[in-house]
Amino acid sequence: FLSALEPRACSASSFSSLLCPRIMRPDDANVAGNVHGGTVLKMIEEAGAIISTRHCNSQNGERCVAALARVERTDFLSPMCIGEVAHVSGEITYTSKHSVEVQVNVMSENILTGIKKLTNKATLWYVPLSLKNVDKVLEVPPVVYSRQEQEEEGRKRYEAQKLERMETKWRNGDIIQPVMNPEPNTVSYSQSSLIHLVGPSDCTLHGFVHGGVTMKLMDEVAGIVAARHCKTNIVTASVDAINFHDKIRKGCVITISGRMTFTSNKSMEIEVLVDADPVVDNSQKRYRAASAFFTYVSLSQEGKPLPVPQLVPETEDEKKRFEEGKGRYLQMKAKRQGQAEPQA
């Protein structure tokens, strides 16, 4: 359904916004008391799904539900702890003919001191699917922009993500296989998989999996890979663009697999692949449903960054993925340094 995203000028309706507060509980966090990155991603997606579905049903016409198609790179700017209140706010910032761009911010609030911190900023893209036929993508009601520049900037973001998605060639036949007695610090040593039967609680009312559920499972697997590699407390530092290639329906068995691709001195990049197996439908074969790269950092008991054991790639494919990961790392590092430079 991702191929249905086509550009469209916006001409009617108004911006929509949403604010969802929620207190962080012990089951939201890891053993160190930091909230799981997957929990934050799930809250972000829930806010995006609500606001985009609400907007797509704001005019008379066929009813629909908004499905997550893509999440742009998301940085975890500050950790969130048990007992803090997460304030998740979302706003529609651009619409094309068949897609909605939602900007979501997450603030953490210490309700004892009143101190608030920005923890996440995310950009998500949704497509409206018909309630009568979830394989049918509907048109999106346009929005009105307060400034002409907002529409132009949104169109540029739309074209950029569309181009990047088209250039991303995921290897559908690339399956992560277990290796007997792997050596420490190798890709095989830390690679991990989780098998999950998709049940009703994972799905929308229309029988396919919430994007936030998938992202939470992806983060859990990536976290296991990172912890196995460095054997310390780890936290999610960032998530590269997550592409949802196809819907996952209720009753599917999904395999979420993760493997280390690159390490710098203080960070680890993990590739996560989600494959869906429609076990109750013999007419459809196993397929790649989602994919992304997660970056983790290792922390001491005091919360200070620790050096990361360097990855030892063994095969030619592992060495190639290492160099590709190094390129992404250097590119993002240069971008951050450029943003940090004082403006003239």
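Here is a short walk through this predicted model, from its nonpolar interior to a nonpolar patch on its surface.

Let's start inside. In soluble globular proteins, nonpolar side chains tend to be buried together. In this model, the largest nonpolar core has 71 residues. Those with the most contacts inside this core are Met218, Ile248, Met268, Ile270 and Phe294. Helix α4, which spans residues 211-230, supplies the largest share of the core, with 9 residues. There is also a second, separate core of 8 residues, and Val65, Ala69, Leu129 and Phe208 are among them.

Now pick out Ile248 and look around it. Setting aside residues up to four places away in sequence, Ile248 touches a list of residues including Val198, Phe208, Val209, Ile254, Val274 and Tyr287. Gly207 and Thr214 are also among the residues that Ile248 touches.

Next, let's move to the surface. Here Ile23, Ile111 and Leu112 form a nonpolar patch, and together they have about 330 Å² of accessible area. Leu112 sits in the loop between β5 (100-109) and β6 (116-130), and Ile111 is found in the loop between β5 and β6 too. How exposed is Leu112? Its relative accessible area is 79%, so Leu112 counts as exposed. Ile111 has 48% relative accessibility, so this residue is classed as partly exposed.

Finally, see what surrounds Ile111. Apart from its neighbours within four places in sequence, Ile111 is in contact with Ile23, Gly83 and Val85. Gly83 lies 28 residues from Ile111 along the chain, yet the C-alpha atoms of the two are separated by 8.0 Å.

Conventions:
Residues are numbered from 1 along each chain as its sequence is written. This is a predicted model: local features need pLDDT of at least 70, side-chain atom pairs count only at pLDDT 80 or more; totals for chains, interfaces and linings use all residues. Side-chain values use heavy atoms; hydrogens and water are left out. Patches are made of residues with over 30% relative accessible area and no salt bridge: like charges are joined within 9 Å, nonpolar side chains (Val, Leu, Ile, Met, Phe, Trp, Tyr) within 5 Å. Accessible areas come from the Shrake-Rupley method with a 1.4 Å probe; for residues, only the protein chains shown count as cover. A salt bridge is a side-chain nitrogen of Lys or Arg within 4 Å of a carboxyl oxygen of Asp or Glu. Helices (H or I, at least four residues) and strands (E, at least two) are DSSP runs, numbered from the N terminus. Buried means under 20% relative accessible area, exposed over 50%, partly exposed in between (1.4 Å probe, protein chains only). Contact means heavy atoms within 4.5 Å. A nonpolar core is a set of buried Ala, Val, Leu, Ile, Met, Phe, Trp, Tyr and Cys residues joined through side-chain atoms within 4.5 Å.
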